Amino acid sequence: MKFYSTNNKDLRVSFKEAVFNSMPLDKGLYMPELIPKLPQSFLNHIEKYSLTEIAYEVASALLKDEIPADDLKALVEEAANFDAPAVSLNSNTFVLELFHGPSLAFKDFGARFMSRVMGYFLKDGEQLLDVLVATSGDTGGAVALGFLGVANTRVTILYPKGKVSPIQEQQLTTLGQNIRAIEIDGTFDDCQALVKQAFADEELNKKFRLTSANSINISRLIPQTFYYFNTYAQLKGKGFKEIVFSVPSGNFGNIGAGLLAYKMGLPVKQFIAATNVNDTVPRFLETGVYETRPSVQTYANAMDVGAPSNWVRIMDLFKQDTAALKALVSAYRFTDEETLAGIKEIDDKFNYVACPHTAIAYLAVEKYRKETGYNGASVFLSTAHACKFPDIFPPELAAKIEIPASVRELEGKAKKADELGVDFEGFKNWLTKN
Ligand SMILES: *Cc1c(COP(=O)(O)O)cnc(C)c1O
C-alpha cells in the first residue's frame, strides 16, 4: 500500500516515508491509495475476536505489504494493550471508554501505535530520532507515555507554563528516561511556533534527525479505526444491528478514523460530529461554506480548534461529495453552559461522571435521537478520563471521580522540566546543549 498526498494523488510514498515525513512537502495529508474492504466472512463473526485480533485484521488490510505479518502482529499487540469497553448506561445507550491507556485519553491509541511503528522502522545503528511536540495537555502525555523506553528515540515536549492540569503536567515531567519536558513562559501557540521554527532551522536539521508526532501523522489515524470495529463487535455480540457513533471532535482525526472504518466496511447508521463553539464543521454542514476561525477557549479545551487539520482527509475519503458526507454525518455544537448541564444530566440519569468532551458527545447523540426519533443503539465516545479536567466539576461531582492507580503512582515523583522563554534562540541553544 502506497500513500498519496491529498494535494497530489500522483505523489506516492511508502508507509515508512509517510510516517517519518508526517506531512508531504505540498502540505497535503497522506492517505492510503486505496481503501481495502475487510472480508465479509470476518465481519460476520467479528464478535468472536478480541481487540488485538481485530486490530491486526484491520492493520493488515492496510499495511500487509509494508510490514511482515509477524512483526505487525507483535506491534499491534504492544500498541493496543489496554481495553476499550463499550459500557452500557441503559438498554440502548453506550459510552465507549477510550481512556484506559497510559495517559488516560484516546490519543494513547494513536501515540502508542506511532511510537511502535517508528521504533520498528528505525534500524540498529541509525541516528537517534528526535521527536519534538508542542502540547496544550493531552497530546504531550500520550506521546510521552507512548515513546517512553522506545529504543533509539528521544522526545522533547514543550508545554505552556501553568496552563496544563496537574495530572497532565505529571505525565509530562516525571517520566525521565528518553522523555524531556520544557515549560515555556507563554501560550500553547508560542510552544507550537517554537517547534515549527525548529523544524525549519537548517542547523538543527543537520545536527538532529527531527520528527513531529502530531495528530496529522497517518500512523496515528490508522489505529483509531481499531476501536470502531471493536465496538461493533461488542454490540453485535449483544444483538444490535444498527449503531450511531457520536464523536467529540476538534481536529477531526477521531471521527476521520471512524469514517475510514466505515469505508473499510464497518456497518454504521450515522456518525455525529459533536463540537464545542469552535464549530467550523457544523457550520459547513449547514451552509456548505467552509470557513475557519480563530479558536475560542472552552471547557472542552482539547477541542478548541478553529481550523480542523484532518478535515481534508474526510473530504478526500468522500471524494469531495458533500451531499454523500452530509447524509452520513450529522453535526451539533454546544456551549460551555450546555456542556456543564450535560455533565450533570449524565450523572443524574446514569450515576456516571463524564469529562466535558465526552458530555458534548452525549448531548449531541441525545439531540439526534430527539430530532430523528431514532431509538436503536447509540455509542458516544469518551475521549478522556474525567480526572484530567478537575477544574470543571462542581465539588459534589469532583468528589465522585476515582483517580486511577497509574496517576496516583506519578503523584510522589519529582517534577523535572527546564523553563524557557518564547524566544527561538533560547530554545535552539537548549537543544544544542542538551
Ligand atoms: C484530542 C482530543 C479530542 C479531539 O479529537 P480530534 O481527533 O482532534 O477530533 C477530544 N477529546 C479529547 C479529550 C482529546 O484529547
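**Stop 1: the sheet.** Select the six strands that form an open sheet. This is a predicted model. Read across the sheet in the order 4-5-13-10-11-12. The pairing is mixed. Strands of a sheet pair through backbone hydrogen bonds, either parallel or antiparallel.

Now go to the edges. Strand 4 (86-88) is one edge strand, and strand 12 (329-333) is the other. Each of them pairs on one side only. Look along the sheet for its twist, which averages 25 degrees from one strand to the next.

**Stop 2: a strand pair.** Select residues 93-97, strand 5, together with residues 377-382, strand 13. In which sense do strand 5 and strand 13 pair, parallel or antiparallel? They pair in the parallel sense, over five bridges. Pick out Leu96: its bridge partner in strand 13 is Leu381.

**Stop 3: helices across the sheet.** Add helix 12, residues 253-263. Helix 12 lies across strand 10 (243-248), strand 11 (270-275), strand 12 and strand 13. Its direction is at about 175 degrees to strand 11.

Next, add helix 17, residues 356-372. Which strands does helix 17 lie across? They are strand 5, strand 10, strand 11, strand 12 and strand 13. Helix 17 runs at about 160 degrees to strand 13.

**Stop 4: helix 13.** Select residues 280-287. Six of these eight residues are buried, so helix 13 is largely enclosed by the rest of the structure. Show the buried ones as sticks: Thr280, Val281, Pro282, Arg283, Phe284 and Leu285. What do they pack against? Their neighbours are strand 11, helix 14 (311-317), helix 15 (322-328) and strand 12. Step just past the end of helix 13 to Gly288, which takes a positive phi of about 80 degrees.

**Stop 5: a helix pair.** Two packed helices are described by the angle between their axes and the distance between the axes. Select helix 3 (residues 51-63) and helix 11 (residues 224-237). They pack at an angle of about 125 degrees, and their axes are 9 Å apart. Helix 3 and helix 11 are therefore oblique to each other. The crossing of helix 3 past helix 11 is right-handed.

Zoom in on the contact. From helix 3, show Leu51, Ile54, Ala55, Val58 and Ala59. From helix 11, show the residues they meet: Thr225, Phe226, Phe229, Asn230 and Ala233. How many residues of this contact are nonpolar, polar or charged? Eight are nonpolar, two are polar and none is charged.

Conventions. Residues are numbered from 1 along each chain as its sequence is written. This is a predicted model: local features need pLDDT of at least 70, side-chain atom pairs count only at pLDDT 80 or more; totals for chains, interfaces and linings use all residues. Side-chain values use heavy atoms; hydrogens and water are left out. Axes are lines fitted to C-alpha atoms, for helices over the stretch in contact, and angles run from 0 to 180 degrees between N-to-C directions. Helices (H or I, at least four residues) and strands (E, at least two) are DSSP runs, numbered from the N terminus. Angles under 35 degrees count as roughly parallel, over 145 as roughly antiparallel, 65 to 115 as roughly perpendicular and the rest as oblique. A crossing is left-handed if the near helix is turned anticlockwise from the far one by less than a right angle, and right-handed if clockwise. Contact means heavy atoms within 4.5 Å. Ala, Val, Leu, Ile, Met, Phe, Trp, Tyr, Cys and Pro count as nonpolar, Asp, Glu, Lys and Arg as charged, and the others, Gly among them, as polar. Two strands pair if DSSP finds at least two bridges between them. Buried means under 20% relative accessible area, exposed over 50%, partly exposed in between (1.4 Å probe, protein chains only).
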